[in-house]
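Let's take a friendly look at a pocket and at a pair of packed helices. Please have the model open as you read.

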Amino acid sequence: MENPKMTDAERQRLAEKLDKELDDYIDGLASKGSRYTDGFSPDNWEEEMDKHPAFRTKPLEEGEEVPELIAAMQALKYDEDETTEERAVQYKDDGNHNFKLKKYRWAVDAYTEGIRLNCTDKELNVVLYTNRAAAHFRLGTLYGKIQNM
């Protein structure tokens, strides 16, 4: 079957139709309530970047709400379908990684999350408590050392 040739007028009508459909589609995206319709403004770009896990420069403060992008990343890494022991091992490994990087506060947080799981593996719990105490020692936090007793 041979492709019929389009006239210039037909080509113009098709281009106008496709332009209108594209404009309608883009307008529809903006009206769906996306919070990034305007992008970062010069006033809030630092705040927005600090919410993104790839660009965050400081750990979460005590009681600070976890930003939704970080929560999504954690959900990918710490799958609820895994056993408690598997998740505790992941937290221990994260803590060990942060400890090696001398990010002791993050290491404490990772070990604490592993401890909160209350897994049945007693040896793993001993490692989590011991590693958390070592991270507290490096931080010089007396309260954390006492908490581990």
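By class, how many nonpolar, polar and charged residues does the lining of the largest pocket have? The table gives the answer, together with the classes in the contact of α4 with α6.

| Class | Lining of the largest pocket | Contact of α4 with α6 |
|---|---|---|
| Nonpolar | 14 residues | 8 residues |
| Polar | 7 residues | 2 residues |
| Charged | 14 residues | 3 residues |

Here Ala, Val, Leu, Ile, Met, Phe, Trp, Tyr, Cys and Pro count as nonpolar, Asp, Glu, Lys and Arg as charged, and the others, Gly among them, as polar.

This is a predicted model, in which local features need pLDDT of at least 70 and side-chain atom pairs pLDDT 80 or more, while totals for chains, interfaces and linings use all residues. Residues are numbered from 1 along each chain as its sequence is written, and side-chain values use heavy atoms, without hydrogens and water.

The largest pocket has a volume of about 1300 Å³. Of its 35 lining residues, L60, I70, Q74, W106 and D109 are the closest to its centre. α3 (68-77), α4 (84-100), α5 (104-116) and α6 (122-139) each give two or more residues to the lining, and the largest share, 8 residues, comes from α5.

α4 and α6 also pack together, at an angle of about 25° and with their axes 11 Å apart. That angle makes α4 roughly parallel to α6 (angles under 35 degrees count as such). On the α4 side, the contact (heavy atoms within 4.5 Å) is made by E85, A88, V89, K92, N96 and F99. L124, V127, L128, N131, A134, A135 and R138 make the contact from α6.

Definitions and conventions: 1 Å grid on protein atoms, 1.4 Å probe; cavity = no way out; pocket = protein on both sides within 12 Å on 5 of 7 lines; lining within 4 Å. Points joined across faces, edges and corners; volume = space filled by probe spheres on them. Helix = DSSP H or I, 4+ residues; strand = E, 2+ residues; numbered from the N terminus. Axes fitted to C-alpha atoms, helices over the stretch in contact; angles between N-to-C directions. Parallel < 35°, antiparallel > 145°, perpendicular 65-115°, else oblique.
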